[in-house]
Amino acid sequence: MNVADTIAHHILDHDWGLSLGGFRLPITTHSVTIFAVSVVLLVVLWWASRPHTSKSGRLVTTLLEEYVSFIRDGLVIPNMGAEGHGFLPYFCTLFLFILSVNLAGMIPEMKTATSNISVTAALALCSGGLILYSGLKYHGVIGFLKGFVPSGTPVWLVPLIFPLEVISTVIKVCVLAIRLFANMLSGHMVLICLLLIIFIVGKMSVVAGAGALFPAMGLEIFMTCLELLVAFLQAYVFTLLTAIFAGSVIHTH
Amino acid sequence: MEDLLKPDFGVMILTICNFLLLVYLLKKFAWDSIIHALEKRETQIATDKQQAEQARQEAQKLQAELTEKLNRVADEAATKIAQAVKTGETQREQLLADAKAQAERLIVQAREQIEAEKNHALSQLRGEVVRTAVQAARRVVEQEINEESARATVERVLNEIKNK
C-alpha cells in the first residue's frame, strides 16, 4: 500500500457491503457515524430539554437555552428577520449536527463524515430546499422568481440577469457543500500526512524516524487544535450562510 | 483518490432522510420545549423589566411630588418665619416706643416731683430764713445797737443757719 492509498484508506468512506433483495443498502462508515451522532444528539437533547430539579440538570438546560439564544439572536433573526423564527429548530439542529459530525472524527475508530462530499452535498441540498421553501412561502412562485431580477433592471437585461441569478443561487448552495467538505478533508489529510512523515523518514533511517517523531507529533497536536477550531468555524459558517441565503430570498432587493 | 469527489447517492439520500428526521424529532422532543421555555423566561424578564420601569417612573413621580410639596412647605415656612420676624420686629419697636414713652413720662414725673420737692424745700428754707432773720432782728433789737455788735450778731445768726 503506497502513501496515496494509505491516505485514501483513512479518508474515504467504506461500504459495509450490505444489500436487501439485491438492492444495495448505503450502510457505510460515514452513514453509520451520522446515524450514531443523530441518536446521541436526540437522546442528549431530549434529556436536556426535560425539566430538571438538580443543579447540574438546570445548568445543562440553561446552556441549551443560551445555545438557542445564540443561534436565534446571532444567526437567524439578524439575517432572516422575524420570519426566521419558524426555522429556528432547523438552524439549531444544523449547527449542532455539523459540529458533532465534525468532532466525531476526533474520537478513535470514528470518521469525520463531513469530509465526504455526499454528506456535505446532502446537507447543502437540505439548506437549498430551505432557501427554496422560504422564497415560495413568503413570495409565492411568481414573487420568488421575480426576486431573481433586481429591481430597476432594464427589461432587455432580464433574460440575461435571470439565469445568472438562478445559477448564482445554485452555485451558492454547491459552494456550501464544497467549502465544508474541503475544509474537513484537508484537515484530515494534513493530520495523516504528518503521521506518515514519521514512517516515511523511519523507512529511510530508524534514527531519523525517531528524530522526526517529536516534531511530527508537535505539529500533529497543533493541527488537531486547529481542526477543533475549524470544526466549530465550519459549522458556524455553514449555518450562517444558510441563514444569509434564506434571508436574501425572503427579503429580496 | 479520485473516489473523493465521486458522490454516493445512497449515502446522500440516507443523510438527507437522517438529517430531516433528526430535525423533526429534535423539534418535537427538544427544541420546541426549550424555545418555549426560553420565550417564557424572556417574556417574564420583559414583564418584570416593564414593571420595574413602571415602578421606577411612579417612584420618580412620587419623588417629584414630594419634592414639590417639600418646597411648598419650605416656602410656607420661610414666609411664616419672615412674617413672624416682621411681627416680632414691629412688636419690639412698639415695645421700645412704649418703654421710651413711659421712661420719658417717668422722667417728666420725677422732674415735676423734684421741682415740687425743691419748691417745698425752698419755701421751707424761706420760712426758716424769715424766722431766723426775725429772730436775729429781735436779738439785735434786744442788744445795744452798734455796728460791730450788729454785724457780729448777723454773722452768728448766719453761722447758725449754715450749721443747720
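What distance should the 45 residues of helix 7 of chain A span at 1.5 Å a residue, and how far apart are its end C-alpha atoms? In this predicted model, for which local features need a pLDDT of at least 70 and side-chain atom pairs count only at pLDDT 80 or more, while totals for chains, interfaces and linings use all residues, the expected span of helix 7 of chain A is 66 Å and its end C-alpha atoms are 62 Å apart, which agrees. The expected span of a helix is taken as 1.5 Å times one less than its number of residues, and helices (H or I, at least four residues) and strands (E, at least two) are DSSP runs numbered from the N terminus. Residues are numbered from 1 along each chain as its sequence is written, and chains are lettered from A and ligands numbered from 1 in the order in which they are written.

The model scores ipTM 0.90 and pTM 0.73. Chain A has an average pLDDT (the predictor's confidence in each residue, from 0 to 100) of 88, with 99% of the residues scoring at least 70, and chain B averages 88, with 96% of the residues at or above a score of at least 70. Within chain A, confidence is lowest in helix 1, where the mean is 74, and highest in helix 4, at 95.

Chain A contains seven helices and two strands, which follow one another from the N terminus in the order α-β-β-α-α-α-α-α-α. Its C-alpha trace spans about 70 × 60 × 45 Å along the principal axes. Of the 253 residues in chain A, 33% are buried, a residue being buried if 20 or more other C-beta atoms lie within 10 Å of its own, exposed if 12 or fewer, and partly exposed in between, with C-beta atoms placed from the backbone. Two residues are in contact if their C-beta atoms, placed from the backbone, lie within 7 Å; among contacts in chain A between residues at least 6 apart in sequence, 67% join residues at least 24 apart.

The largest nonpolar core (a set of buried Ala, Val, Leu, Ile, Met, Phe, Trp, Tyr and Cys residues joined through C-beta atoms within 7 Å) has 60 residues, and those with the most contacts inside it are A:F91, A:F95 and A:I98. At least two residues of this core are supplied by each of helix 2, helix 3, helix 4, helix 5, helix 6 (158-204) and helix 7 (206-250) of chain A, together with helix 1 (9-142) of chain B. Leaving aside neighbours within four places in sequence, A:F91 is in contact with A:I71, A:L75, A:V76, A:T239 and A:A243.

Helix 6 of chain A has 47 residues and reaches 64 Å from its first C-alpha to its last, close to the 69 Å expected at 1.5 Å a residue. A kink of about 25° in helix 6 of chain A is centred on A:L196, the bend at a residue being the angle between axes fitted to the seven residues ending there and the seven starting there. Buried residues of this helix include A:V173, A:L180, A:M184 and A:I198, and what covers the buried residues of helix 6 includes helix 1, helix 4, helix 5 and helix 7 of chain A. Helix 7 of chain A bends by about 30° at A:L213, and a proline, A:P215, follows within four residues.

At the interface, 37 residues of chain A are in contact with 28 residues of chain B. The elements giving two or more residues to the side of chain A that touches chain B are helix 1 (3-11), helix 2 (29-49), helix 3 (55-80), helix 4 (88-104) and helix 5 (117-146) of chain A, and the largest share, 10 residues, comes from helix 2. By class, this side has 25 nonpolar, nine polar and three charged residues, where Ala, Val, Leu, Ile, Met, Phe, Trp, Tyr, Cys and Pro count as nonpolar, Asp, Glu, Lys and Arg as charged, and the others, Gly among them, as polar. In helix 2 of chain A lies A:L42, which counts as partly exposed with 17 C-beta neighbours inside 10 Å and, apart from neighbours within four places in sequence, is in contact with B:L22, B:L25 and B:L26.

A:D13, in the loop between helix 1 and strand 1 (19-20) of chain A, is buried, with 22 other C-beta atoms within 10 Å. Not counting residues up to four places away in sequence, A:D13 touches A:T28, A:T29, A:H30, A:N116, B:D8 and B:V11.
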